[in-house]
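Subject: Handover of a structure and its findings

Dear colleague,

I am passing the structure below to you, together with an account of what was found in it. Please read the notes with the model open beside them.

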Amino acid sequence: MLPIDDSPITRDGKVLILAYDHGLEHGPTDFDPVPETTDPEVVFDIATHDAVSAIATQKGVAESYYPSYEDDVSLLAKLNGTSDLWMGEPDSPQNWSVDYAYEVGADAIGYTVYSGSNHEVEMYEEFREVQEAARTLDLPVVMWSYPRGQGLKNDTKPGTIAYASRIALELGADVAKVKYPGDPDAMDEVVKAAGKTEVVMSGGSKTSDEQFLKSVKAVMDAGGAGLAVGRNVWQRENPEELLDALEGVIYEGKSVDAVL
Ligand code: FBP
């Protein structure tokens, strides 16, 4: 495991990754609530907020837009990804190499693994290559650890999420990005299962400020490192307001009531 405390994707050892790979994973429909967010520059501008420790994008967006922002925000290169048009068993092809991501300016690597899918074996093999290539460049690896596939319908059951964070440790990820398991006690188990691998919560679809901040607070109280969030930030009319609140909860240990 690579300690991430001094990595450019952290601030004071904590993490707030702004995820912006939805144009591939879900399609432009995710930009409908705030149509301006179709333009990557709008979201890169949001990522310059002090609370954001890195932005996660796919190759094309990184190539075209990151050069103008490399002094303002760190880049987490999301190497694999698949579209919502794919109807088969969960799978996610690798779309750029670790070396090329490094050339584009990546400070860390992101990779989705669908444990439980019929494609688990190939995905683990691909992850092994990516993880070892990242080690040679000292780049931390964030695993989007999402158990899903035939027979695994509810991928947010506490036991399943704890398994997901453990898989990230077992396979050598430095950070496990997992779904929120539903309550603070379950989150404790998820963080314990991950051992020295840091745990960050995946944002999910947009909820109320209070509900979202409470889940983030539970992650921090459980010893999690922070958050990787997309829609809950840039689908808001005023994303800066929520980022101010997240800054309080994640970096300053404030309560939800105090930041609301
Ligand atoms: P959100 O905070 O918007 O959920 O983004 C996190 C993320 O992991 C993105 O990186 C990715 O595009 C999306 O969720 C995938 O979500 P799912 O596979 O659950 O549809």
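Asp12 belongs to the segment before E1. Its backbone is notable: Asp12 is not a glycine, yet has a positive phi of about 50°. Most residues other than glycine have a negative phi. Asp12 is exposed, as 10 other C-beta atoms lie within 10 Å. Please bear in mind throughout that this is a predicted model.

A second residue belongs beside Asp12. Asp138, which is not a glycine either, has a positive phi of about 60°. Asp138 is located in the loop between H5 and E5, and it counts as exposed, with 10 C-beta neighbours inside 10 Å.

The overall arrangement

How are the strands ordered in the barrel? The barrel is closed by 8 strands in the order E1-E2-E3-E4-E5-E6-E7-E8, and their pairing is parallel. From one strand to the next, the twist averages 25°. Helix H5 (residues 120-136) packs on the sheet and touches E4 and E5; the direction of H5 makes about 170° with that of E4.

Strand E1 and its two partners

Strand E1 covers residues 15-19, and 5 of the 5 are buried, so the strand is largely enclosed by the rest of the structure. In a regular strand the side chains alternate between the two faces of the sheet. In E1 both faces are covered: Val15, Ile17 and Ala19 are buried on one side, and Leu16 and Leu18 are buried on the other.

E1 pairs with E8 in the parallel sense over 4 bridges, and with E2, also in the parallel sense, over 3 bridges. Ile17 takes part in both directions: it stands opposite Ala228 in E8 and opposite Ala54 in E2.

From E2 through E3 to E4

Strand E2 (residues 54-57) pairs with E3 in the parallel sense, over 3 bridges. Here Ile55 has Leu75 of E3 as its bridge partner. The connection runs through helix H3 (residues 59-65): E2, H3 and E3 make a right-handed β-α-β unit.

Strand E3 (residues 75-78) has both faces covered, with Leu75 and Ala77 buried on one side and Leu76 and Lys78 buried on the other. E3 is also joined by 3 bridges to strand E4 (residues 108-113), and the two run parallel. In this pairing Leu76 stands opposite Ala108 of E4. A right-handed β-α-β unit is again found here, made by E3, helix H4 (residues 98-104) and E4.

Strands E5 and E6

Strand E5 (residues 141-145) and strand E6 (residues 175-178) run parallel and are joined by 3 bridges. Met143 has Ala176 in E6 as its bridge partner.

Two residues in loops

Is Tyr180 buried or exposed? With 22 other C-beta atoms within 10 Å, Tyr180 is buried, and its place is in the loop between E6 and helix H7 (184-193). Leaving aside residues up to four places away in sequence, Tyr180 touches Met201, Gly204 and Ser215. The C-alpha atoms of Tyr180 and Asp84 are separated by 22 Å, and these residues are 96 residues apart along the chain.

Ala222 is found in the loop between helix H8 (209-221) and E8. Ala222 is partly exposed, with 19 other C-beta atoms within 10 Å; the cut-off for a buried residue is 20 or more. The contacts of Ala222, not counting residues up to four places away in sequence, are Pro184, Met187, Asp188 and Val191. Between the C-alpha atoms of Ala222 and Ala186, which are 36 residues apart along the chain, the separation is 9.2 Å.

The surroundings of the ligand

Which residues come nearest to the ligand? Of the 13 residues around it, these are Ala19, Glu25, Gly203, Gly230 and Arg231. Helix H1 (22-25), strand E8 (226-229) and helix H9 (231-234) are the elements that give two or more residues to this shell. By class, the shell has 4 nonpolar, 6 polar and 3 charged residues. Ala19, named here among the nearest residues, is also one of the buried residues of E1.

With kind regards

Notes
Residues are numbered from 1 along each chain as its sequence is written. This is a predicted model: local features need pLDDT of at least 70, side-chain atom pairs count only at pLDDT 80 or more; totals for chains, interfaces and linings use all residues. A residue is near a molecule or strand if its C-beta atom, placed from the backbone, lies within 6 Å of it. Ala, Val, Leu, Ile, Met, Phe, Trp, Tyr, Cys and Pro count as nonpolar, Asp, Glu, Lys and Arg as charged, and the others, Gly among them, as polar. A residue is buried if 20 or more other C-beta atoms lie within 10 Å of its own, exposed if 12 or fewer, and partly exposed in between; C-beta atoms are placed from the backbone. Two strands pair if DSSP finds at least two bridges between them. A crossover is right-handed if, with the strands pointing away from the viewer, the path from the first strand over the helix to the second runs clockwise. Axes are lines fitted to C-alpha atoms, for helices over the stretch in contact, and angles run from 0 to 180 degrees between N-to-C directions. Two residues are in contact if their C-beta atoms, placed from the backbone, lie within 7 Å.
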